Structure formats: structure tokens, C-alpha cells
There are 2 protein chains.
Amino acid sequence: VHCIGILGGMGPAATIDFMSKLLALTPASCDQDHLPIILASLPQIPDRSAAILGIGEDPLPILEFGVKLLNRVGVDLIVIPCATSHHWHQELSAISQAPIMHIANAILDKVPSNGRLLILATRGTLASGFFQRTLSNHEIDFEIPCPESDQSSIDECIRLTKAGQYELASRYLDPVLKNATARGITSVIMGCTEIPIAAAHITATGLNLIDCTLELARHTVDHALKRGWNKL
Amino acid sequence: VHCIGILGGMGPAATIDFMSKLLALTPASCDQDHLPIILASLPQIPDRSAAILGIGEDPLPILEFGVKLLNRVGVDLIVIPCATSHHWHQELSAISQAPIMHIANAILDKVPSNGRLLILATRGTLASGFFQRTLSNHEIDFEIPCPESDQSSIDECIRLTKAGQYELASRYLDPVLKNATARGITSVIMGCTEIPIAAAHITATGLNLIDCTLELARHTVDHALKRGWNKL
């Protein structure tokens, strides 16, 4: 059996959103057409963003525990529906026999060649800089939230989503998107897997919203179907 | 780490529905409040209902594979968000160190002491008889779909849900519920984890609908929180 390994629980709602998107992207008329998955959902992994900012416990030991567990049961690919965790992508790949897909690579083919691009993410992800490095390597210009109050709104949107208050979370995301539109932004990378959950509660923005969860799911399904992992 | 093991993929949408219900039932204000889960989602497990009816491949070997995998990674409880699979509950429990919760026990405390009760399930589940035996052991009267055309509608509802056509599936469930109401039924056990997904697309029925997925989730969360499995 070849199967997809998901290291999840960061947060658990984002993991479920990711699995729903995997399901919807898989052409299937019965159970057996779908892709086998082993999920390790470990919500006790310490806050990734706080750790990158130097104000929280190191999550790497439990992230490594999860990657080892998935390898032990023989998964063939690992995906992590939590953007901030990709700060440790290199360390985790070094101990994993199964390749670990990188979420920053997954969004690349959705970035348009023109217009102005904004990255929304946790403070940890922005401090880590992996989205910025990936975009720069492909000579793509980008901006990050400005003014500072916009980043605070994103922090609150993510926190509320993790607390299960999706509609309220969306009310913090909405003004950030309006500010972005007002200053000429045309595309937005929703670079944290909580943001698309909140965004689902906002009506048409006129922006090209790039959903990192959806794009990670799309690349995962492509990888697995191409290799026939739904055939026993 | 103590954690919940889910043997899923039967179907994958029902597994996601179960996980969404686990999430919603867990009081949490941040990721770390949630419960750790290892999921083996194995949609290639052969059709359970067909096997019970003697017209399909035996799913027991892959069900056993899943149970062994979950035991190997050290889960402390196994739940299976697929009612029909509980036909093999005894065989699976015999090879599992972790206890396997029984979905028929999970619905018991939601069955009212008066009125008339209908069980909706796959033909395999009804032929297996585990819901009927559990109810009879508690001296609870029940009925099964009648006329035969109602069971055919339930079959179609389940098949369409597995094919991702939830709204269309609900149109096969709706007349069965209307017929039940017309003949004096007051409570319905939705005894197949696909049925609640279709039922979510039906407006108020006036019936007391007992959702086996939700009740399995409720018992799972109670079991895990009582034992502090969300504390590292």
C-alpha cells in the first residue's frame, strides 16, 4: 500500500480543511477511488510562530516525533497543512525517508505574472522568510502587511480561527483585504492554513486569493494519483 | 502521548464528518486544547455491505491491517466511523490491544423511552443485526425500512453520498423520512455514517434524528477528555 502521510493538528481545523480539499480534488464515484492517508494529528505541538520569534517552546522534537511515526508506518510522502512549520522543513526532511512537500513550492504555479502580490502569514512565517525566499528565487515581487495594525489583525484572525470562531475571525481578515485592495494589491497569498477557513466567511473581495491549503492539497492529489496510490 | 485511533476511509467523507464533530465537541481555545489523533484512512477496504450479503470480497484482512497499524503506533482507543464495519467488531477486538468502541452502544443514550423507532442502515448492517441485538438487549422496540422501496432509496442515498453528490443523496433520504413520519415513526437512528451527511441537506423533518457519527464522536471525546489525552 502506498499512501499519503499528513502531519497535522496545527490546527486541527486546518487539517480537516486540508482533508476536505483532498477529498474534493479526487475524482471518485465510490470509496475505493479515494487516496489512502495516514494522519498524525498532534495539536500539542508547541506554537510554531512563538518559537520562531524566540518567545515559545521549541516544537521541533514533537514535529520530528510525528515525521518518524509517519515513516515508521511506511508513508510515501509527507505533507504538513501548517505553513509556519515549514520553518523546520530542512531539519524534518533530513530525518525522513519519505519526501516532505514544501507548501511554498505548492503555491508557485498560482502566482500571476502581473499585478501586486501580498503575503499574509503568521509573524513566525514572515520572520522565517521561506515564502519570500521561494518567491525571490523565482523573481516574483511581493509585499507583506502594512501598516503594522494589519499584521495584528491577521494574528487575531488566526487566533480566533484556532479557537473555532470562524465568522468572528473573518471580521479581522476583511479590513486587511480592503486595505490591500485600496493600495493596489491584486493577489494575496493566504500563507497560513487558518486564513482560508476565515476567508470562507467573506464574500467576493475582487482579489485573487491564493489558498495555500488548497494548493498543497492539489499538489498532493496530483502526486498520489499520478503514482496510482488509490489502486491496491 | 495517549491518543485516539481512527480506522477510517469508509467512506472518506464520513471520516471527515466524524473528525469535524470531534473538533466541534472538544472545548478548546487554542490548538493545544484539542485531542491527538492517529487516523488510518484506507478507502480501498472492500465494500462491507456487499461482503455481509455474500456478494463481495472479504474486507476483514484490510480492516485487521488497519487495526494492527493503529496498535503498532500505540493508540489507546480505536473508533471506526463506518457502522457496517462493526459486523467484524468481535474479530477486530480480538486482535487489538486498544479497545474498539462499538457504534451501536454509542447511540443508546439518545434513544428515547417512548415513541416509535426506525433504524436506517446499509443492507449489510441490517443483515448483520448488531443494532437490532443491542436495542433488544436493552428492551427497546424498533422497526426497519418498509416498504422495500424505502431500503432501495437508502441504498441510493448512501451510494450518492460516497460519490460526493450530497444534495442529490438527500433527495433519496427525504421521502423515506416522510414515509416514516406518515406511518407514525418518531425517532430515526441514522445507522450509517453516510446518512447524516445527506441529512444535513434536508430541512426540519419533525423527527428525532439520531446521528451515529455524532454519538460516536461524543463518546470518543468524553472517553479521551476524562483521561486527559489532550495534556502532554
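**Exercise 1.** In this predicted model, find the bridge partner of Ile119(B) in E5(B), then place the two strands in their sheet.

*Solution.* Start with the residue pair: Ile119(B) is bridged to Ile189(B) in E5(B). Next, widen the view to the strands. E5(B) covers residues 187-190, and four bridges connect this strand to E4(B), with the two running parallel. Finally, take in the sheet: it is open and has three strands of chain B, ordered E4-E5-E6 with parallel pairing. Strands E4 (117-120) and E6 (208-211) of chain B form the edges, each pairing on one side only. From one strand to the next, the twist averages 20°.

**Exercise 2.** Work out which strands of the sheet helix H7 of chain B touches, and do likewise for helix H11 of chain B.

*Solution.* Take H7(B) to begin with. This helix, residues 130-137, packs on the sheet against E4 and E5 of chain B, and its direction makes about 155° with that of E4(B). Now turn to H11(B), residues 212-226: this helix packs on the sheet by touching E5 and E6 of chain B, at about 55° to the direction of E6(B).

**Exercise 3.** Moving to chain A, classify how helices H1(A) and H11(A) are oriented to each other.

*Solution.* First, get the geometry: the axes of H1 (residues 12-25) and H11 (residues 212-226) of chain A come within 9 Å and cross at roughly 45°. H1(A) and H11(A) are therefore oblique to each other. Then add the handedness: the crossing is right-handed. Last, look at the contact itself, where residues of H1(A), including Phe18(A) and Leu22(A), meet residues of H11(A), among them Leu214(A) and Val221(A). Sorted by class, this contact has eight nonpolar, two polar and three charged residues.

Notes
Residues are numbered from 1 along each chain as its sequence is written. Chains are lettered from A and ligands numbered from 1 in the order in which they are written. This is a predicted model: local features need pLDDT of at least 70, side-chain atom pairs count only at pLDDT 80 or more; totals for chains, interfaces and linings use all residues. Side-chain values use heavy atoms; hydrogens and water are left out. Two strands pair if DSSP finds at least two bridges between them. Axes are lines fitted to C-alpha atoms, for helices over the stretch in contact, and angles run from 0 to 180 degrees between N-to-C directions. Contact means heavy atoms within 4.5 Å. Angles under 35 degrees count as roughly parallel, over 145 as roughly antiparallel, 65 to 115 as roughly perpendicular and the rest as oblique. A crossing is left-handed if the near helix is turned anticlockwise from the far one by less than a right angle, and right-handed if clockwise. Ala, Val, Leu, Ile, Met, Phe, Trp, Tyr, Cys and Pro count as nonpolar, Asp, Glu, Lys and Arg as charged, and the others, Gly among them, as polar.
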